[in-house]
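Student: Could you take me closely through one chain of this model, sheet by sheet, and tell me how its parts are arranged? I would like one connected account that I can follow with the structure open.

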Amino acid sequence: MRKADIACGLALLLLGGLVLWESLKLKIGWGLNGPEGGFFPFWLAVGLVICSGAIVLKAFFLGSSYTDRPFVRKGGWVPVVKVAVPAFGMVALTEAIGLYPAAAIYLAVYMRWIGRHRWVTILLVSILLPVASYFLFDKWFLIPMPKGYWTVISGLY
Amino acid sequence: MEALGNLLMGFQIALSPYNLFIATVGIVLGTIIGVLPGLGGANGVAILLPITFVMPPTSAIILLSCIYWGALFGGAITSILFNIPGEPWSVATTFDGHPMAKQGRGGEALTAAFTSSFFGAAFAIILVTFFAPLIAEFSLKFGPPEFLGIQMLTFSAFVGLGGGSVPKTLASIFIGFIMAAVGLDIISGQLRLTFGTMELMRGFNFVVAVIGLFGIGEILLTVEEGLELKGIQVKVSWRTVVGTLRELCKYWRTFIRGAIIGTWMGIKPGGATPASFMSYGLAKKLSKNPEKFGNGAIEGVIAPETAAHAAGVSALLPMITLGIPGSPTAAVMLGGLMIWGLQPGPMLFKENPEFVWGLIASMYTGNVIGVLIVLLFVPFFAAILRLPFAILFPSIVYVCAIGAFAVNNSTTDIWYMMLFGIVGYVFKKLDYPIAPMVLALVLGDMAESALRQSLIMSQGSPAIFFASPISAALVTASALLVVWPFISPHLHRKRAV
Amino acid sequence: MSRTNFCLSVLVMALVAVLSPAASVQAWEPTKPVEFIIPAGTGGGADVMARFISPLISKHNLSPQPFIAINKSGGAGAEGFTYVKGKKGEAHLIIITLSNLFTTPLATGVPFNWRDLTPVGRLALDEFVLWVNSETPYKTAKEYIDAVKKSPGTFKMAGTGTAQEDQIITVQLEQALGLKFIYVPFKGGGDVAVNLVGKHVDSTVNNPNEAVGHWKAGRVRPLGIFDTERLDLPDWKSIPTIKEALGQDIHYLMLRGIFAAPGIPKDVQDWYVNLLKKVTETPEWKKFTDDGGLKRAFLTGADYVKWLEPTENLHKDLMTKGGLIKK
């Protein structure tokens, strides 16, 4: 828990620093007509740096106040990773072959891998859901979903 | 009593079988649109605008406004069941609605949400019917300084530094405001914090952020806790619905407070979301047992939903009376008016009374139809949670991805959604409060613009915030709310003595 | 275009040619829905126009495929323009433009230019009018300007955004007449109009359709139109031009035009030009433009390009003078 707190605090510190640096490209003063464009980004970044600094220092020096509760309970990582990785995979696939095929693959893989559902169920859900949403969005609502850059596949629909 | 006569005329139009049919279709479509995150009422209305070309204008506006009511109702469904706010103003509904669903009280939460929506709408509609011109006139008094006052009041009503780590709360507020600042700054006309990339030029969309922070983050938390294997046992029957309805009467104060806040805030653009937060914040601050909030308090569902729906109704008011949109959806409807050959604005009441009063009457019919339909379906909605998790979770992720994409037609937003999901998970684990960050993201932009516009108008003098009685009152009230936690214990002690 | 893609399109074209004998003679037509990009948010003038045109095309069967309106409003429209610029050779894509085609690259430094796109046609020109609240004593532009001159730096002019058309006009007024306004930027034209009605600001240069409702209700008063001639529509004809009212010719018109992706074949461009021509001939379009106080000014081909060049220079010039260009 303590390590995670420090890591997160450092990440925020870095974020604050980046924003600080980027906001310095703008005018950060308080002009005649009130604050300039960079005023709020600058001081917000300063605030974030101070807060995340305080979080890190506190975690570092007052470490004893932490309980032994780990950031993730033992073995808790596994299901989280099992959900997150395929989901990211779907997004990556979407870029390549479009959302609908990517979703079909994602649904099928997930249902089989995690749920151990029967193939009939898997095929039904993983095909019907994307097809139904294709008609709903692309056809009726006229919101074209991403088709991906590999148009050999997306050109088919 | 001219309004009554006009209203009767309106009812004659709205109650025609054709218009009733149109209204029902609109409600059903709208509910679907509201359920799908990212596909907000504005999209829904814009998408269906072409269909209305072949209709008489009054039926067309009835269809569109009913889609809007449907979306308002629907937004609560995913918030409660999956912690995914279908619409921005349903974010506050997740705080207690989702814990209720997790405890197996999903049916109760949905019933409370729908009833609250209906009450909020009815309250606002009655006000609109009889006082539309007066309210519109009052809303004209709100310039940038008053607008800033509202933002400040919302923020101080919702955010308290009470529980949790102060640096963490502040950090998350700062992050929210920083995200709000990304993109084009309308006051200076410059791009800010884009790091030279195209992707950041548009800024962070609120809907994308909340889908990730709340929806995806919640999925990750749930699987880690191992809850998923059990699934949620939900008792659902219409008896639950009736029972909840009876219980809701106890909370009349929360209902009325929420409705007033909503009606008032909805008049100004972008009012529904802040209204729901403000209503939730006040309900918590004024509650006898505030510790229940966040753990499935039914008032935590009533307060934001009443306010959001009341604001949704009164957001249509400036559109009709002034020709300015009070919400993105109203903006698209405004375009619709012009397409049908009507001129939005103050003359609409005089030139096209049958249109205006048909619309107002359809607000009554549409909301009655709407609440009946959604209440009827409560058991079905609640039963969705019975689906095996290996089907439910990937489907939710998929629907979220569609939603995140639909907001701006950009695949980058799907990546953001996933990243926000990780952030939401980590923050929740490390006790960084997420809600203040989200509120800062909503208000940041508007508040900064209002502040800078005011100061430009006064040439840099902060006295402008106290120049008008309205803004002075708002600024003072928000300052009082900030110090309230420090004062209230003393007051209680006095009373005890 | 990837090689597989190319092979596939050749194959498809061959198939089409074989299957429909007419296809070889017929000109290009869209074979999938056309993306219609709006480089502005929902509810604004460009958005309303695009969302008006798309269903109109379907209603009159002007295209075998629907037109899908998509907002890409990031960075004052830079997002939409950059998107179209990057889709070289994409036939199923058009974009509606407003003045931000010229002003956004200058004000934000995002590199794009109308030359990066394929010009299709100018649909209309949007007017600008000087408005004051009708409860103020100013009956003519001259009276108002005299009052502004008397106490420089106290009158508030509200407009949409910074370094965009409204501020350009304000700067033009200031420089031509030696005035000083406090320019207050708002997010959209509707906001601007309401702040004038609520007397939070003293004047605006709203487009006709942004203020017409308030005008008819007697809440705002037009003092002059920023054009070389009066707007030839009933009601609007009574508004004098700024030149008539103030003796100084200050005019500014906003482009409402259509562009396509760069590098599209000539027959595709011709198809769109023809489509726009048909759109502008519909009675609905006539009513739409009249109601919104728009000047119908359909222009295409070389004439359109000829108009774009000086207009671009004009923006550069006006914005340089006003100090609105990003350094």
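Tutor: In chain C of this predicted model, 6 strands form an open sheet, and reading across the sheet gives the order S2-S1-S3-S10-S4-S11, with mixed pairing. At the two edges lie strand S2, residues 67–71, and strand S11, residues 294–300, of chain C, each of which pairs on one side only. As you go from one strand to the next, the twist averages 20°.

Within that sheet, look at the place where strand S4 of chain C, residues 118–126, pairs with strand S10 of chain C, residues 254–260: the two run in the antiparallel sense and are paired over 7 bridges. To find this pairing on the screen, start from Thr118(C), whose bridge partner in S10(C) is Ala260(C). The sheet also carries a helix, since helix H3 of chain C, residues 78–86, lies across strand S1 (34–38), strand S3 (93–97) and S10 of chain C. The direction in which H3(C) runs is at about 150° to S3(C).

Now move to the other sheet to be described here, in which 5 strands of chain C form an open sheet in the order S7-S6-S8-S5-S9, again with mixed pairing. Its edge strands are strand S7, residues 182–186, and strand S9, residues 220–225, of chain C, and each of them pairs on one side only. Strand S5 of chain C, residues 129–133, is joined to S9(C) by 5 bridges, and these two strands run antiparallel. Here a useful starting point is Leu130(C), which has Gly224(C) as its bridge partner in S9(C). Helix H5 of chain C, residues 141–150, packs on this sheet, where it touches S5, strand S8 (203–204) and S9 of chain C. The direction of H5(C) makes about 70° with that of S5(C).

With both sheets in view, turn to the domains of chain C. The domain assignment gives domain 1 as residues 20–126 together with 254–321, and domain 2 as residues 129–246. Measuring over C-alpha atoms is the basis for the next value: the centres of domain 1 and domain 2 of chain C are separated by 28 Å. The two domains also meet, for 15 residues of domain 1 of chain C are in contact with 14 residues of domain 2 of chain C.

For a view beyond chain C, consider two helix pairs in chain B. Helix H4 (residues 57–82) and helix H13 (residues 299–314) of chain B pack at an angle of about 165°, with their axes 11 Å apart. Because of that angle, H4(B) is roughly antiparallel to H13(B), and H4(B) passes H13(B) in a right-handed crossing. Among the residues that make the contact are Tyr68(B) and Trp69(B) of H4(B), and Glu305(B) and His309(B) of H13(B). The residues of this contact divide into 7 nonpolar, 2 polar and 1 charged.

The other pair is helix H1 (residues 2–14) and helix H17 (residues 353–383) of chain B, which pack at an angle of about 75° with their axes 7 Å apart. That angle is why H1(B) is roughly perpendicular to H17(B). The contact includes Leu7(B) and Phe11(B) of H1(B), as well as Trp357(B) and Ile360(B) of H17(B). Its residues divide into 11 nonpolar, 5 polar and 1 charged.

Note on methods:
Residues are numbered from 1 along each chain as its sequence is written. Chains are lettered from A and ligands numbered from 1 in the order in which they are written. This is a predicted model: local features need pLDDT of at least 70, side-chain atom pairs count only at pLDDT 80 or more; totals for chains, interfaces and linings use all residues. Side-chain values use heavy atoms; hydrogens and water are left out. Axes are lines fitted to C-alpha atoms, for helices over the stretch in contact, and angles run from 0 to 180 degrees between N-to-C directions. Helices (H or I, at least four residues) and strands (E, at least two) are DSSP runs, numbered from the N terminus. Angles under 35 degrees count as roughly parallel, over 145 as roughly antiparallel, 65 to 115 as roughly perpendicular and the rest as oblique. A crossing is left-handed if the near helix is turned anticlockwise from the far one by less than a right angle, and right-handed if clockwise. Contact means heavy atoms within 4.5 Å. Ala, Val, Leu, Ile, Met, Phe, Trp, Tyr, Cys and Pro count as nonpolar, Asp, Glu, Lys and Arg as charged, and the others, Gly among them, as polar. Two strands pair if DSSP finds at least two bridges between them. Domain bounds come from an automatic or database domain assignment.
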